[in-house]
Amino acid sequence: MGYPEQPHPTPYKRYCKTLSLQPDPALLATYRQLHSPEGVWPEIAQGMREVGILHMEIYLLDNQAFMIMDTVPDFDHDAAMQKLATKPRQAEWEAVVAACQQTTATATAAEKWRLMERIYTMNA
C-alpha cells in the first residue's frame, strides 16, 4: 500500500517514534477514530504547529503505532515536547488517548512516544 506525498517546500527535520497500544479491538477502533480527520481536536493540531511540527503521520500494525513527524530545521525535540504539554487541551487529549495506549493516564506525549533510531537511508 503506497501513500503519495507532496514534497515540503522548505528543509525540515524528521523524527520517527513508536508506542504500544492496548491489544483490544474496541480500543484500537477508538484510537483510529480519535485520529480520524473528524476525531482530532483542532487545539491539538494547532498546538503541534505552534511548536514547529510541520507534518505528522501515524501508522498502525496490530497494536504498534509508528509516527513520522516532520519539523522545522532548528527543532529542539525536548524543548518542543515540554512546550507542547502546556498547550490548550493537550493534557486532556493525552488522558483520553492514554486509555487506548499501554501507558498511564498522566504520561506526557514525550513519555509515551519513544524516539526510534534511524539505521539505514538509501542514497540516490
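Q: When do two strands pair?
A: Two strands pair if DSSP finds at least two bridges between them. Helices (H or I, at least four residues) and strands (E, at least two) are DSSP runs, numbered from the N terminus.

Q: Okay, what's the strand order in the sheet?
A: This open sheet of four strands runs 2-3-1-4, with antiparallel pairing. At the edges are strand 2 (53-61) and strand 4 (114-115), each pairing on one side only. It's a predicted model, so to speak of local features takes pLDDT of at least 70 and side-chain atom pairs need 80 or more, while totals for chains, interfaces and linings use all residues. Numbering starts from 1 along each chain as written, and side-chain values use heavy atoms, without hydrogens or water.

Q: How many bridges link strands 1 and 3?
A: Eight, in the antiparallel sense, between residues 13-20 and residues 64-71. Within that pairing, Lys 17 of strand 1 has Met 67 in strand 3 as its bridge partner.

Q: Switching to Lys 87: where does it lie?
A: In the loop between helix 3 (77-84) and helix 4 (90-98).

Q: Buried or exposed?
A: Lys 87 is buried (under 20% relative accessible area, with exposed being over 50%, partly exposed in between, 1.4 Å probe, protein chains only), because its value is 16%.

Q: What is Lys 87 in contact with?
A: Leaving out neighbours within four places in sequence, Gly 47, Glu 50 and Val 51; contact is heavy atoms within 4.5 Å.

Q: And what does Ile 53 touch?
A: Not counting residues up to four places away in sequence, Ile 53 touches Met 48, Met 69, Asp 70, Thr 71, Phe 75 and Met 81.
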